Amino acid sequence: MAYYPIMLNILDKKCLVIGGGKVAYRKILPLLEFGATVTALSSYFTDEILELPKNHKVNLIRRSYQKNDVDNYFLVVVATNDRIINKEISNECKKKNILVNVVDDKELSTFIVPSVMKKGDLTISVSTNGKSPLLAKRIKEMLGNMFEDDVENLIAELSNLRDKLKTTSATQEEKIKLYDDIINKYNILRGNDKK
Ligand SMILES: C[C@@]1(CC(=O)O)c2cc3[nH]c(cc4nc(cc5[nH]c(cc(n2)[C@H]1CCC(=O)O)[C@@](C)(CC(=O)O)[C@@H]5CCC(=O)O)C(CC(=O)O)=C4CCC(=O)O)c(CCC(=O)O)c3CC(=O)O
Ligand SMILES: NC(=O)C1=CN([C@@H]2O[C@H](COP(=O)(O)OP(=O)(O)OC[C@H]3O[C@@H](n4cnc5c(N)ncnc54)[C@H](O)[C@@H]3O)[C@@H](O)[C@H]2O)C=CC1
């Protein structure tokens, strides 16, 4: 079984993280980074999570999970240490067509989270289909170190040109030739001696 990778727009979307331990914290951070409004619900929160509402769009609810808590959320991450509760929440989300990630059971999840490296508008995301999250993280670290910082300038230049070419009658082949000329002008990979 392989997962279909997509880029999800979660800007201002209501996302719920259930659980308040170190894994919940790790799952909350990228949701915030990508613009979601996060509610964390847990009977207990670590100090790191308790600090978050000071500077971020996070709302904390300190109690254990109750039926229908997932209603009206776009996406739910389940990070408790209670497998029975995890299964119950997963079933509820699936029934209600809410995207759900259960951090310790991919069978209960409708999506899993890859390891992500972001450099401006370049996103590199690595998954092992849940087989080895640590390897996903290591590969992401290796790939992250391969890129020169000017990859961000390259993307900006390509994007500007692309906007301009949209209103011209250039053919797809002509456009790709122009894009490739720019790509070849840059040294996006470290140690790449082209130029
Ligand atoms: C299926 C998945 C579900 C999901 O969470 O979406 C899942 C599941 C599990 N992870 C476990 C363990 C670890 N997870 C990490 C780290 C990360 N785990 C992440 C994703 C995923 N983890 C999804 C699959 C991703 C893929 O397809 O490869 C990353 C990429 C993203 C993120 O968490 O945001 C993030 C790296 C962030 C970064 O790049 O920095 C580390 C390393 C570390 O902490 O440093 C360890 C210890 C080493 C090891 O086990 O490899 C356990 C066992 C728990 C136990 O033993 O009790 C389970 C449960 C199970 O496997 O059943
Ligand atoms: N996906 C991943 O990357 C990883 C997943 N895991 C798994 O993630 C799970 C959580 O790990 P930790 O954060 O270290 O655990 P933890 O024990 O520190 O935190 C569990 C949290 O769940 C809360 N909780 C328990 N029952 C609840 C309920 N009924 N309603 C609301 N909140 C409830 C607790 O109050 C606590 O805050 C574990 O099952 C672990 O196996 C662990 C490592 C990595």
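The legends below accompany several close-up views of a predicted model.

**View 1. The whole chain and its confidence.** Welcome to the overview, a good place to get your bearings in this predicted model. The protein chain has an average pLDDT of 95, and 98% of its residues score at least 70. For the model as a whole, ipTM is 0.95 and pTM is 0.93. The chain is divided into domain 1, covering 14–113, and domain 2, covering 151–185. Taken over C-alpha atoms, the centres of domain 1 and domain 2 are separated by 41 Å.

**View 2. The surroundings of ligand 2.** Here you can look around the 21 residues that surround ligand 2. The closest are Gly-20, Gly-21, Val-23, Tyr-44 and Val-103. Helix H1 (22–33) and strand E2 (37–42) each contribute at least two residues to this shell. The largest share, 3 residues, belongs to H1. If you are thinking about residue classes, the shell around ligand 2 contains 10 nonpolar, 8 polar and 3 charged residues.

**View 3. The surroundings of ligand 1.** Now move over to ligand 1, which has 20 residues around it; Ser-115, Ser-127, Gly-130, Pro-133 and Leu-134 come nearest. Two or more residues of the shell come from each of H1 and H4. H4 gives the largest share, with 5 residues. By class, the shell around ligand 1 splits into 7 nonpolar, 7 polar and 6 charged residues.

**View 4. Met-142 on helix H4.** This close-up settles on Met-142, which sits in helix H4 (residues 133–146). Met-142 counts as exposed because it has 11 C-beta neighbours inside 10 Å, and the cut-off for exposed is 12 or fewer. Pro-5 makes a handy second landmark: Met-142 and Pro-5 lie 137 residues apart in sequence, while their C-alpha atoms are 20 Å apart in space.

**View 5. The annotated coiled-coil region.** An unreviewed UniProt entry places the feature "coiled-coil region" at residues 144–175. In the model, residues 144–175 are 72% helix and 0% strand. The C-alpha atoms at the two ends of this stretch are 28 Å apart.

**View 6. Helix H6.** Our last stop is helix H6, which spans residues 172–185 and has 14 residues. From its first C-alpha to its last, H6 reaches 20 Å, close to the 20 Å expected at 1.5 Å a residue. H6 is hardly covered, with 0 buried residues among its 14. As you follow the side chains, remember that an α-helix has 3.6 residues a turn, so residues three or four places apart point the same way.

Technical notes
Residues are numbered from 1 along each chain as its sequence is written. Chains are lettered from A and ligands numbered from 1 in the order in which they are written. This is a predicted model: local features need pLDDT of at least 70, side-chain atom pairs count only at pLDDT 80 or more; totals for chains, interfaces and linings use all residues. A residue is near a molecule or strand if its C-beta atom, placed from the backbone, lies within 6 Å of it. Helices (H or I, at least four residues) and strands (E, at least two) are DSSP runs, numbered from the N terminus. Ala, Val, Leu, Ile, Met, Phe, Trp, Tyr, Cys and Pro count as nonpolar, Asp, Glu, Lys and Arg as charged, and the others, Gly among them, as polar. Domain bounds come from an automatic or database domain assignment. UniProt positions are given in the numbering used here, feature names are shortened, and annotations may be inferred rather than shown by experiment. The expected span of a helix is 1.5 Å times one less than its number of residues. A residue is buried if 20 or more other C-beta atoms lie within 10 Å of its own, exposed if 12 or fewer, and partly exposed in between; C-beta atoms are placed from the backbone. pLDDT is the predictor's confidence in each residue, from 0 to 100.
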